[in-house]
Amino acid sequence: MLLLCLAVISLGLPGCAGWNHVSEEQLAISDVVVYPEIIYTGLHRIAYLDCGILAHPKSKASIHVDTPGSISLSRIYAYRSRNGQRRFCCKLDLPSRTAAGKYTVPIEITTENGKRAFTQTEIHIAPSDSHLEPKILCEQNQAMLDVISNSQVIDGNQVELLDKGPDAFKKWVAIIQNATATIYLQTYYLDDSGLSSQIVKILKDKAEQGIEVKVLLTRYSQLAKSPLTPLELRKHGVEVIVAGDIGFPRNARSRTLPWLEKMRRDYRIYSSMPDTAPFKKWIDDKGDDVFVDYALHEKMLVVDSSYAIVGGRNISDCYFWWWKDLDVLLEGPVVDEIGRAFASNWKDFGGIITDPTPTISRDGTTSVRTVQSKPWEGTYYTLDMLCSAINMAQSKLYITSQYLALPPKLNQALRDAALRGVDVRILTNSLETGEEVAFSLCHYISLNHYRELLKAGVRIYEYTGARQTSNFRPYLHSKQFIIDGYWLCIGSFNLSIRSSYLESEIMLNIHDKTLAEEQERKLSHQMMFESKEITPYQMAYAEDSYGLLMNMAEHLEILY
């Protein structure tokens, strides 16, 4: 047994009134949280004890931790949580030879006036089984995903990942430039400036040549970025639909748009939202005044029923030249599925379109599933598919998402995977890279979701990326899920409430072990060399430094 003691002086910083109204005679340990909840020997080399105390705000306190066996206490940080409580975060180093089992850890808090408080907690160390056979692609699981996602796996496709922005831009330009019959484009916004103006010009030229060009945009993002572009496209013969007002108070004023009438008639925006947090709270608090907007969030290009691009990039220079993003270029029969996804959205918003001509060629070797969700119809197929796939993970689950604003269902799926010993790792943006968008608001929102994930054993990495110019910093915008090195999922879905329930999304399930392993290798490299891992120790510092901003951000999750 190794007894370590470290005294930490309280600075008496202002906090929540509830924690400050403690007399000098009071001292108690309110709670002890172990990170991770289950420590797997093959995955975790470090654990943390996070201890909350009730003590007079100006008293000096120290913590004593009696660590068992060869486990050693290497660091302690005293901080105030985001709600003002005094806490200690203790870092424990676990030797690789630590035996599995449950270990009791005594903890003592003492103050300068001689007050003492005692408790003990338990550390659970379990053996990890990293040799489980991947089952994500087995027939039974794929049949289950067929039903859950209302989709099927299509064989015979050619797949190319477009992970380097400049090369992806060349592919976009070449495919659109070579169109001979149809160009269907859906994007969150289309920017007619910088190098991206080349794509806008090609769309105009192709429409003037008599090629059928249809562009579907989201109103508020398009108007904020490039408001005149839709008008310019229409002047040259491009058919443009700018979808907006996809959300309304319960007593919305009369409209004539058929899709909006259908939504109002069915109260889709209310009946489709789950009766769980955070929706129930918002509706209970706001009643008839609640306003939640749907949005089109898919990014897809379909050309001549022969080529399709699906992924995370919108049409603006940042996505191709300094942000980190990811698209998929496809040929083969799955292009028909993507064409139908576009056509479905086009019709939903009043457009007329001919169903795509079936692709006969099946020269490729890759199987692909296309999953689309449309919340105004009450369908959440991308969320349901992803949660089910996560439940099928056996050993590894690697994810990239630009931020975290997790609904309960997705949060639970990730935590359950980690608790059963799956190596779950998430790469998202840091405070620094988040400055590219909305003054890092998304980062403060993400911070509010880290603790629960860390407690379950999820490893979280924040992308830092070296600044490339004086004005721009790389921003992580790719959305991908890699399971067991066999299954790769790429598209427009973020780990967020909006992607889950309020935005239409499209995701590709790619059954290609070589591609999945290659993306896993690249992602591992990013996590190791271009990111920083977030631990409970960093979370203690974040709450100490940004607690007020985190509390404010919690009320703005619906924006993300």
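**Exercise 1. Find how strands S2 and S4 pair, and place them in their sheet.**

Solution.
Step 1. S2 and S4 run antiparallel and share 8 bridges. The model examined here is a predicted one.
Step 2. Pick one bridge pair to fix the register. Asp 31 stands opposite Gly 52 in S4.
Step 3. Extend to the neighbours. The sheet is open, has 4 strands, and follows the order S2-S4-S7-S6 with antiparallel pairing. S2 and S6 are the edge strands, each pairing on one side only. From one strand to the next, the twist averages 20 degrees.
Step 4. Recall what holds such a sheet together. Strands of a sheet pair through backbone hydrogen bonds, either parallel or antiparallel.

**Exercise 2. Determine which helices pack against this sheet, and at what angles.**

Solution.
Step 1. Start with H15. This helix packs on the sheet and touches S2, S4 and S6. Its direction makes about 70 degrees with that of S2.
Step 2. Turn to H18. This helix lies across S2, S4, S6 and S7. It runs at about 15 degrees to S6.

**Exercise 3. Test whether H18 is straight or kinked, then locate its buried residues.**

Solution.
Step 1. Set the expected span. H18 covers residues 536-553, and a straight helix of 18 residues would span 26 Å at 1.5 Å a residue.
Step 2. Compare with the model. The end C-alpha atoms of H18 span only 20 Å.
Step 3. Look for a bend. H18 has a kink of about 85 degrees, centred on Tyr 546.
Step 4. List burial. The buried residues of H18 include Pro 536, Tyr 537, Met 539 and Ala 540. Further along, Gly 547, Met 550 and Ala 553 are also among them.
Step 5. Identify the cover. It includes the strands S2 (27-35), S4 (46-55), S6 (72-80) and S7 (86-93). Helix H15 (441-456) and strand S27 (531-534) are also included.

**Exercise 4. Trace the pairing from S5 through S8 to S9.**

Solution.
Step 1. S5 (residues 61-67) and S8 (residues 101-111) run antiparallel, joined by 5 bridges. Ser 62 has Thr 110 in S8 as its bridge partner.
Step 2. S8 also pairs with S9 (residues 116-126), antiparallel, over 10 bridges. Here Glu 108 stands opposite Phe 118 in S9.
Step 3. Inspect the turn. The hairpin of S8 and S9 has 4 residues between the strands. Gly 114 takes a positive phi near 90 degrees there.

**Exercise 5. Name the two partners of S10 and give one bridge pair for S18 and one for S17.**

Solution.
Step 1. S10 (residues 153-162) pairs with S18 (residues 366-373) in the antiparallel sense over 3 bridges. Val 153 stands opposite Arg 369 in S18.
Step 2. S10 and S17 (residues 327-331) pair in the antiparallel sense over 5 bridges. Gln 158 stands opposite Glu 331 in S17.

**Exercise 6. Classify Gln 85, Cys 387 and Cys 489 as buried or exposed, and count the disulfides.**

Solution.
Step 1. Take the cut-off: buried means under 20% relative accessible area.
Step 2. Gln 85 lies in the loop between S6 and S7. Its relative accessible area is 5%, so Gln 85 is buried.
Step 3. Add a distance. Gln 85 and Ser 30 are 55 residues apart along the chain, with their C-alpha atoms separated by 9.8 Å.
Step 4. Cys 387 has a relative accessible area of 5%, so Cys 387 is buried. Cys 489 is at 0% and therefore counts as buried.
Step 5. Count the disulfides. A search of the whole structure finds 0.

Definitions and conventions
Residues numbered from 1 in each chain as written. Predicted model: local features only at pLDDT ≥ 70, side-chain atom pairs only at ≥ 80, totals over all residues. Heavy atoms only, no water. Helix = DSSP H or I, 4+ residues; strand = E, 2+ residues; numbered from the N terminus. Expected span 1.5 Å × (residues − 1). Bend = angle between axes of the 7 residues up to and from the residue. Buried < 20%, exposed > 50% of the residue type's maximum accessible area, 1.4 Å probe, protein only. Contact = heavy atoms within 4.5 Å. Pairing = 2+ DSSP bridges. Axes fitted to C-alpha atoms, helices over the stretch in contact; angles between N-to-C directions. Disulfide = S-S within 2.5 Å.
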